[in-house]
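Student: Could you take me on a close look at one part of this structure? I would like to see how the pieces around it fit together.

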Amino acid sequence: MAHRRHFMKQTTLGIGAGITILNAAASVFGTPVNEKVNLGFIGCGSYGRGVLLSGFLNRDDVNVLHCCDAIRPRVETAAGQVQQSPLGTKPILSSDMRTVLDDPKVDAVVCALPDHWHALAAIWACQAGKDIYTEKPASHSAWEGRKMVEAARKYKRIVQLGTQNRSAPYNLAAKKYIEEGKLGKIHFVRVYDMCGGGNVKIAPTIPVPEVLDWDRWLGPAPMRPYSPTYIAGLSTWPFFWDFSSGNMAMQGIHQLDLARMLIGKELPKTAYCVGGRFNTEGDADAPDTQTAVWEFDNMVMSFDLTLYTPYMLRIDSVARNSDIFPYWQQCGTRIEIYGSDALMIIGRMGGGWEVFVRTKDRQPVVADSMHGRYPVPNHMDNFLACVRSRELPNADIEIGHRSTLLVHYATISYRLGGQKLVIDPKTEEIIDNPAAMKLFKREYRSPYVVPENV
């Protein structure tokens, strides 16, 4: 029986060397959360505006006090979006996130920065007494992800990662279905991230435009000459090691986090990854073809990535908002969970799930199913509820950090030529491999440094 859904004013403040705790940090701890949560938005690019800002502006329980981005036109566009919304307010504009974090009126921040900024922005927010909704992946390196967890706990902050599948009713129902043993014993899981995508070619360097604060955009990353390629969006910067770990970090983390939630596993015992940039020529660091394998107790999980298969499709808006399933064979963002009794195929971000048993007359037999819906509004609900209740959110930073470690282990293995890494689950570190541990933590550009003691 199939289940169904019931259930600018431009700021030019500099950053002093060694500053990690912000000026107004203490004042925020005693500030009660009023009926409306006061938000500051840090990162106003296409996703920050089009999904996060738009989503929060659809609510009647928030105020938007700040819009911040290193690229001035983005901030001005975001501010216009706020002013034209039912809120009708005029937010403060800045290029320096400390303007947001130093404001005692701000209860929480929403961060949609490039990956290399996630950890430092979250730690600064915690130190300033702000809760934070930050986009995935959790971190740029394995080491700094643990520092994010330490900061959240030390300063008693709510830190929600943007892995929204953890707030989707259909995914929670799938988890319960698996826990009840309806698939039988599970020893193998396959995760897919397959789509079309072109090459990344770095455009010639040019002088930094007046509307861009290039130093702040780079933040913890090494200084480099400016090319418009780097700020062009999600099709460019994620494919350079200084800023991210490729499509596995940018998109695959959604499926990896959901798979980890469904199978109930924490850290793997080993990890390895092979691949390359086979289909395209150009300047990107990250692969266009990739296979990773993680060994858990009594289970193996694999991850397959391609960036040159335009016939492989992500879950689209029609599937995620109606009672239809994707065409699974060409769904590029699916998970396959192989049990001893049945196979579950589940799609991220509203794709729903179906359970298949042995075919009959060469036709598929669906034993159970549930349609999905787009979970971003649910995730926002959960974040704001936890800001008020102080309970841990669905995608608490500890959970998000552990899922992001899968990406980091795979990336380290890939960058070392496919070495098999042995992992210590207590320390999260890689055992007896100095070359791998050298990639466990990035080198930071002063003064944008994640401190040892947060």
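Tutor: Happy to! Keep in mind that this is a predicted model. Let's start at C126, which counts as buried because its relative accessibility is 1%, below the 20% limit for that word. C126 takes part in no disulfide, and the nearest cysteine sulfur, that of C111, lies 11 Å away. In fact, the structure holds zero disulfides. Another cysteine to find is C386: its sulfur is 14 Å from the closest cysteine sulfur, in C126, and that is too far for a bond. C386 is buried as well, with a relative accessible area of 3%.

Now look at the helix around C126. Helix α5 spans residues 115-127, and 13 of its 13 residues are buried, so the rest of the structure largely encloses α5. After α5 comes G129, with a positive phi near 80°.

Next, see what α5 connects. Together with strands β4 and β5, helix α5 makes a right-handed β-α-β unit. Strand β4 covers residues 108-111, with A108 and V110 pointing one way and V109 and C111 the other way. All four of these residues are buried. So C111, the cysteine you met above, belongs to this strand.

Strand β4 has partners, too. It runs parallel to strand β5 (residues 131-134), and four bridges join the two. Here V109 stands opposite I132 in β5. Strand β1 (residues 37-42) is also parallel to β4 and is joined to it by four bridges. In that pairing, G40 stands opposite V109. V109 is therefore a handy residue to click on, as it faces I132 in β5 and G40 in β1.

Finally, let's look for empty space. The largest cavity has a volume of about 30 Å³. Its lining includes D115, a residue of α5, along with P137, S139, H140, S244, S245, A249, V407 and H408. By class, that lining has three nonpolar, five polar and one charged residues.

H140 leads us on to another space, the second largest pocket, with a volume of about 390 Å³. Of the 18 residues lining that pocket, H140, R415, L439, K441 and R442 are the closest to its centre. Helix α12 (residues 397-415) gives the largest share of the lining, four residues. The lining divides into six nonpolar, six polar and six charged residues.

Technical notes:
Residues numbered from 1 in each chain as written. Predicted model: local features only at pLDDT ≥ 70, side-chain atom pairs only at ≥ 80, totals over all residues. Heavy atoms only, no water. 1 Å grid on protein atoms, 1.4 Å probe; cavity = no way out; pocket = protein on both sides within 12 Å on 5 of 7 lines; lining within 4 Å. Points joined across faces, edges and corners; volume = space filled by probe spheres on them. Nonpolar A, V, L, I, M, F, W, Y, C, P; charged D, E, K, R; others polar. Buried < 20%, exposed > 50% of the residue type's maximum accessible area, 1.4 Å probe, protein only. Pairing = 2+ DSSP bridges. Right-handed = clockwise from strand over helix to strand, strands pointing away. Disulfide = S-S within 2.5 Å.
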